[in-house]
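Me: Could you walk me closely through one part of this model, the place where one chain meets the other? Plain words, please.

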Amino acid sequence: MGKKKSSFEESLKKLEQAGEKLRSTDVPLEEAIESYRKGLEAYQECREILDNAVQEIETLTKEK
Amino acid sequence: MGRAPVKVGQLNQYIGRILKTDPILSDVSVVGEISNLKFHNSGHVYFSLKDQNSRVNCFLPSRVFPQIKCPMEEGMEVVASGYVSVYERGGYYSLNVMDLEVYGIGQLAVQYEELKKKLAAEGLFDADKKKELPPYPEVVAVVTSPTGAAVQDILKIIKGRNHMVNVLICPVLVQGPAAAQDIASAIDELNRDHPEVDVIITGRGGGSMEELWAFNEEAVARSIYRSKIPVISAVGHETDVTIADFVSDVRAETPTAAAQMAVPDTEQLDELVEYYRQKLTEDLLLQVESRRQKLEAASPKAFASGIQTRIAYEQMNLDQRMEEMTASLQGRVSTASQRVDLLGEILETASPFGILSRGYSIVTGEDGSIVRRAEEMSKGDKVRITTGQGSAQAEVLEVNKEDESWARKNLPSKNR
């Protein structure tokens with residue numbers, strides 16, 4: 001179990017933020033399109049994490 | 001002094017045999033307070049039982065230890081059952097414990113309340129010390145018995161809800177004298193060696209108060225409080241509330257409930273992510289659409305149509321005004337005409353021709369002027385007599401200037 005913290009949480013947050021930015025009323029069109037693009041990227045990350053996750057159940061062995 | 005001396009070992013052996021065969025000492029229960037408690041690496045437990053004036057060594061063999069349900073703590077009053085034997089090498093006797101029970105049920109309740117009070121005073125239960133559970137954990141550690149029902153329940157729920165999160169099971173004793181220390185060490189160890197763990201569930205399935213006791217012990221409470229990783233406690237059933245529940249960041253009523261709060265449902269996450277994607281596309285389209293509408297509103301076509309609308313409006317306005325004016329004019333005309341008719345009638349009644357029709361006549365001179373007095377005329381003047389119907393040409397035969405008028409002669413005088 002490595003410490004890879006490009007986590008689902010972060011990607012989901014990016015996705016949410018892209019949506020928020022996109023929805024704000026006076027965002028220039030270029031920025032709106034950029035937000036959309038970033039949102040899609042974050043979406044792909046989320047999807048990848050969701051789809052490719054492999055669950056591990058491990059039991060610690062005690063050496064005492 | 002008839003007998004020959006014996007060896008030390010022989011003496012101890014002999015005493016041992018005597019004690020072993022004694023009907024009382026071979027099966028005895030002793031009440032006392034635990035002290036000098038030592039858990040040896042070998043698995044054996046050594047302690048003393050004491051009362052006010054006396055103490056006895058006790059030995060709890062490792063093979064018996066797993067069957068002991070009673071918690072063991074310094075100062076705890078217990079009933080130890082077993083047999084008395086001699087330790088030949090040391091030359092002392094001890095109580096070989098086969099079973100251990102808490103002396104008096106009330107004792108545990110008192111301990112519980114005392115510890116609760118003490119830890120509360122220290123701030124271990126403070127709400128502002130509670131850590132939030134991570135919404136999307138990647139590793140969940142489960143500190144419980146590897147063979148108990150709790151671990152099965154937890155795994156079942158986690159596997160059913162979430163196919164992403166990894167589970168690290170930390171097998172510990174959950175009852176008996178060594179349980180508390182075991183649980184505490186596991187939590188400490190997770191914090192030290194497994195920083196990837198996002199949340200810890202510790203607990204066990206239901207049981208008697210004694211069986212759950214480890215979760216009422218100070219060592220467990222302190223380790224939970226120390227833990228940098230959020231801890232969910234899940235001990236027994238809904239009605240069992242342990243000290244661990246007060247210290248933990250979140251108390252789950254059961255191990256099943258703990259698993260449910262520890263991990264999100266991945267199906268819901270899936271839906272959430274899809275929802276966001278769809279919303280993203282919709283929002284972009286909305287942005288573009290609002291731009292398009294603005295552009296359209298500013299186009300020459302829209303401008304022209306705007307003007308045309310305006311013109312049509314003005315025309316309607318104009319027509320309406322015109323109609324109003326006409327109507328108002330007509331009203332005035334009709335009022336005026338009525339007035340004229342009325343005046344005409346009045347005029348009619350005042351007309352001299354009306355008088356003529358009653359028998360009067362008008363005499364006009366040659367120049368057309370009305371003759372009001374006889375002296376205006378002379379003999380031989382040609383005059384015109386106009387009657388109510390038709391007129392006549394006449395010649396003056398005689399003028400009587402002084403004549404009283406016909407009226408004066410013929411009408412009766414009022415003065416007479």
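Reply: Start with the strands: S1 of chain A (residues 57–59) lines up with S7(B) in the parallel sense, and three bridges link this pair. Pairing takes at least two bridges found by DSSP. For one match to look up, Ile57(A) has Val167(B) in S7(B) as its bridge partner. As background, sheet strands pair through backbone hydrogen bonds, parallel or antiparallel.

Keep in mind that this is a predicted model, where local features need pLDDT of at least 70 and side-chain atom pairs pLDDT 80 or more, though totals for chains, interfaces and linings use all residues. To find your way, count residues from 1 along each chain as its sequence is written, with chains lettered from A and ligands numbered from 1 in the order written.

Now widen the view to the whole meeting place. Here 29 residues of chain A are in contact with 28 residues of chain B (C-beta atoms, placed from the backbone, within 7 Å). On chain B's side, S7 (166–171) and helix H8 (266–297) each bring at least two residues. The top contributor on that side is H8(B), with twelve residues. Sorted by class, chain B's side holds 17 nonpolar, four polar and seven charged residues. Nonpolar covers Ala, Val, Leu, Ile, Met, Phe, Trp, Tyr, Cys and Pro; charged covers Asp, Glu, Lys and Arg; the others, including Gly, are polar.

What does chain A look like behind its strand? Chain A has two helices and one strand, arranged α-α-β as you read along the sequence. (DSSP runs: helices are H or I with at least four residues, strands E with at least two, numbered from the N terminus.) The two helices meet each other as well. From H1(A) come Phe8(A), Ser11(A), Leu12(A), Lys14(A), Leu15(A), Ala18(A), Gly19(A), Lys21(A) and Leu22(A), while H2(A) offers Ala32(A), Ser35(A), Tyr36(A), Lys38(A), Gly39(A), Ala42(A), Tyr43(A), Glu45(A), Cys46(A) and Ile49(A). That contact is made up of eleven nonpolar, four polar and four charged residues.

Over in chain B, there's a closed barrel of five strands to look for, in the order S1-S2-S3-S5-S4 and with mixed pairing. Two of its strands make a handy contrast to where we began: S2(B) (residues 45–50) and S3(B) (residues 55–60) run antiparallel, joined by six bridges. Try finding Tyr46(B), whose bridge partner in S3(B) is Phe59(B).

Definitions and conventions:
Contact = placed C-beta atoms within 7 Å.
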